[in-house]
Amino acid sequence: MTNTIIDLHTHTTASDGQYTPSEIIQLAKEKSIQTLAITDHDTVSGLKEAIEAAKQQNLNLIPGIEISTHKGVEIHMLGFFIDHKNAKLVEACNEYELSRSNRAVRICDYLNRLGIPVDLDEVKTYAGAGAIGRPHFAQWLQEHGMVKSRQEAFERYLDTPRFKAETEREKPSPEEAIQLIHEAGGLAVIAHPGLIKFGKKNQEELIRGLKNKGLDGIECLYSKHEKKQEEFYMKLARKYDLKITAGSDFHGEKVKPEIALGVKLTPQRLPDKYYDLFMTTIQQ
Ligand code: AMP
Ligand code: FE
Ligand code: FE
Ligand code: ZN
């Protein structure tokens with residue numbers, strides 16, 4: 001597997017990514033990515049186009065999703081190898097979309113109360129046909145000179161306790177997301193655990209508890225994890241017999257300039273002793 005490039009966590013215009021599903025497939029080809037998963041936030045609407053494009057380009061595509069869940073803190077659950085036509089999954093995604101568009105109205109009101117004249121219709125044009133998310137508001141704030149960067153938009157407005165208190169939408173529990181992913185024939189993997197606002201001990205408890213509810217894996221290798229964190233999660237994967245996945249969380253350089261497409265699986269990043277747990281080797 002040495003020097004294999006894969007990416008099991010990417011976003012398209014179906015949620016808050018910059019590129020269409022076909023464009024991401026093209027970019028993955030150009031980067032010699034062997035296996036790509038498209039994991040849009042709370043939607044499967046990009047997968048039909050992605051599957052067709054991947055077939056044409058002869059790229060190994062894993063149909064995926066990233067479901068936002070809530071259990072005291074925000075936890076993202078990745079689903080891989082899902083059937084994007086599964087009726088329950090499609091129905092749940094429709095609900096998520098509605099809850100997102102209702103939240104968008106609250107975000108607008110919230111920003112208006114802070115004296116920012118954000119216009120929802122304009123923000124909607126950024127989202128296009130895709131589900132509306134905070135990065136679309138960050139884009140508006142930046143393009144209208146309210147902040148210098150998208151990061152500043154989150155720090156000042158979109159990721160504060162007050163923002164959460166005034167705009168939070170209802171989200172499924174991680175257990176519900178695992179069940180939904182399984183019903184759609186997929187594997188459920190906890191996304192970027194290093195970003196969950198929890199201590200180390202609580203992390204292990206969370207993962208052990210979710211394993212009992214059917215969790216299949218941990219996204220150990222992630223663009224914003226430090227080496228120490230990656231090692232910690234790979235050890236946990238071994239301890240609880242969970243699969244290991246690797247993803248960048250690519251959204252395109254306009255949305256997240258610091259994240260490039262592709263994860264190189266070097267022996268330093270994924271030591272030999274963990275190969276057997278790596279998800280795609282098991283699946284292929
Ligand atoms: P949403 O699902 O609409 O709540 O938005 C989630 C998106 O916002 C994800 O792509 C996150 O990476 C991004 N995001 C959340 N918090 C931050 C933050 N503090 N800085 C930058 N991006 C963030
Ligand atoms: Fe995102
Ligand atoms: Fe996420
Ligand atoms: Zn993501």
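**Close-ups of the metal ions and ligand 1**

**View 1. Glu66 joins two metal ions.** Glu66 forms a bridge between the iron ion (ligand 3) and the zinc ion (ligand 4), and these two ions lie 3.5 Å apart. As you look around, please keep in mind that this is a predicted model.

**View 2. The iron ion (ligand 3) and its protein donors.** Here you can find Glu66 (OE), His76 (ND1) and His192 (NE2), the protein donors of the iron ion (ligand 3), at 2.1 to 2.2 Å from it. To trace these donors along the chain, follow the spacing E-x9-H-x115-H. His76 belongs to strand S4 (residues 73-80), while His192 comes from the loop between strand S5 (187-190) and helix H9 (200-212), so this pair ties together parts that are 116 residues apart in sequence.

**View 3. The iron ion (ligand 2) and its protein donors.** Asp16 appears twice in the donor list of the iron ion (ligand 2), as Asp16 (OD) and Asp16 (OD), alongside His41 (NE2) and His251 (NE2). These donors lie 2.0 to 2.8 Å from the iron ion (ligand 2), and the donor residues are spaced D-x24-H-x209-H in sequence. Asp16 sits in the loop between strand S1 (4-7) and helix H1 (21-30), and His41 in the loop between strand S2 (35-38) and helix H2 (47-57), so the pair ties together parts that are 25 residues apart in sequence. If you look across to the zinc ion (ligand 4), the separation from the iron ion (ligand 2) is 4.8 Å.

**View 4. Polar side chains meet the oxygen atoms of ligand 1.** Start with Arg103, where a polar side-chain atom lies 2.6 Å from an oxygen atom of ligand 1. For Arg100, an N or O atom of the side chain is 2.8 Å from an oxygen atom of ligand 1. His41 also takes part, with a side-chain N or O atom 3.2 Å from an oxygen atom of ligand 1. Taken alone, ligand 1 exposes 500 Å², of which the protein buries 83%.

**View 5. Ligand 1 in the largest pocket.** The largest pocket is where ligand 1 sits. Helix H3 (87-113), helix H5 (134-143) and helix H6 (150-158) are the elements that each give two or more residues to the shell around ligand 1. Residues surrounding ligand 1 include Asp16, Gly133, Arg134, Pro135, Gln151, Phe154, Asp159, His251 and Lys256. Sorted by class, this shell has 6 charged, 4 polar and 2 nonpolar residues.

Notes: Residues numbered from 1 in each chain as written. Chains lettered and ligands numbered in written order. Predicted model: local features only at pLDDT ≥ 70, side-chain atom pairs only at ≥ 80, totals over all residues. Heavy atoms only, no water. Near = heavy atom within 4 Å. Polar contact = N/O pair within 3.5 Å; in protein donor to acceptor, adjacent residues only side chain to side chain. Areas by Shrake-Rupley, 256 points an atom, 1.4 Å probe, with all protein chains shown as cover. 1 Å grid on protein atoms, 1.4 Å probe; cavity = no way out; pocket = protein on both sides within 12 Å on 5 of 7 lines; lining within 4 Å. Sits in = over half its atoms within 2 Å of the grid points. Helix = DSSP H or I, 4+ residues; strand = E, 2+ residues; numbered from the N terminus. Nonpolar A, V, L, I, M, F, W, Y, C, P; charged D, E, K, R; others polar. Donors = N, O, S within 2.8 Å, 3.2 Å for Na, K, Ca; no water.
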